Amino acid sequence: MLNQTVSLMSSTDYKDRFLAEYIQLKERYEKLHKTIVKIKAGTCSFEPTCKVELLEEQANAMGKYLYCLEIRAEVEKINLDKQAGCIAKG
């Protein structure tokens, strides 16, 4: 999905670029969260090279950033629910 946001990132409309940033961050956050869950459950298919606590710190920062973007989207009336439609339009 990340490669599908390229057209949004190069748009002249800041709302498109904002949406692309949100989509990319959300996807990365969700993948990192799933990896942390698997590490904690002992089902991860690889041995992480750093401590899980560092990954948790990163996920926490990403979660806070997502929250900020969601608040800003609400204030600026950027519809984050139309993610799929915006990607398809590009």
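This report walks through a predicted model, from its confidence to its core, its salt bridges and a surface patch.

## How far to trust it

The protein chain has an average pLDDT of 90, and 88% of the residues score at least 70. Confidence varies along the chain, though: helix H3 has the highest mean pLDDT of the elements, at 98, while helix H4 (residues 83-89) has the lowest, at 52. Where pLDDT is low, the predicted coordinates should not be read in detail. Keep that in mind when you look at H4, with its mean of 52.

## The nonpolar core

The largest nonpolar core has 19 residues, and the members that touch the most others are Phe-18, Leu-32, Ile-36 and Leu-80. Two elements, helix H2 (14-41) and H3, give two or more residues to this core. H2 supplies the largest share, with 9 residues. In soluble globular proteins, nonpolar side chains tend to be buried together.

Ile-36 is a handy residue to click on. Skip its neighbours within four places in sequence, and you'll find Ile-36 in contact with Val-52, Leu-55, Glu-56 and Ala-59.

## Around Leu-69

Over in helix H3 sits Leu-69. Is Leu-69 buried or exposed? Its relative accessibility is 5%, so Leu-69 counts as buried, the cut-off being under 20%.

What does Leu-69 touch, once residues up to four places away in sequence are set aside? The list is Phe-18, Glu-21, Tyr-22 and Leu-25. Take Tyr-22 from that list: Leu-69 and Tyr-22 are 47 residues apart in sequence, yet their C-alpha atoms are 6.9 Å apart in space.

## Salt bridges

There are 3 salt bridges in the structure. Let's start with the pair Glu-27 and Lys-31, whose side chains meet at 3.1 Å, N to O. Both residues belong to helix H2 and are 4 residues apart, about one turn of the helix. Glu-27 is buried, with a relative accessible area of 15%.

Helix H3 has a pair of its own: Glu-76 and Arg-72 lie there, 4 residues apart, which is again about one turn of the helix. Their side chains form a salt bridge at 2.8 Å, N to O. Glu-76 is partly exposed, at 25% relative accessible area, and Arg-72 also counts as partly exposed, at 36%.

## A bridge between helices

The side chains of Lys-40 and Glu-56 meet in a salt bridge as well, at 3.2 Å, N to O. This pair links distant parts of the chain, with Lys-40 in helix H2 and Glu-56 in helix H3, 16 residues apart.

How accessible are the two partners? Lys-40 counts as exposed, at 55% relative accessibility, whereas Glu-56 counts as partly exposed, at 29%. You've met Glu-56 already: it is among the contacts of Ile-36.

## A nonpolar patch outside

Not every nonpolar side chain is tucked away. Tyr-67, Ile-71 and Val-75 form a nonpolar patch on the surface, and together they have about 330 Å² of accessible area.

Val-75 is a good one to look up, and you'll find it in helix H3 (residues 52-76). Why does Val-75 count as exposed? Its relative accessible area is 62%, and exposed means over 50%, so Val-75 makes the cut. Compare Leu-69, which is also found in helix H3 but counts as buried at 5% relative accessibility.

Key. Residues numbered from 1 in each chain as written. Predicted model: local features only at pLDDT ≥ 70, side-chain atom pairs only at ≥ 80, totals over all residues. Heavy atoms only, no water. Patch = residues over 30% accessible without salt bridge, like charges linked within 9 Å, V, L, I, M, F, W, Y side chains within 5 Å. Areas by Shrake-Rupley, 256 points an atom, 1.4 Å probe, with all protein chains shown as cover. Salt bridge = Lys/Arg side-chain N within 4 Å of Asp/Glu carboxyl O. Buried < 20%, exposed > 50% of the residue type's maximum accessible area, 1.4 Å probe, protein only. Core = buried A, V, L, I, M, F, W, Y, C linked by side-chain atoms within 4.5 Å. Contact = heavy atoms within 4.5 Å. pLDDT = per-residue confidence, 0-100.
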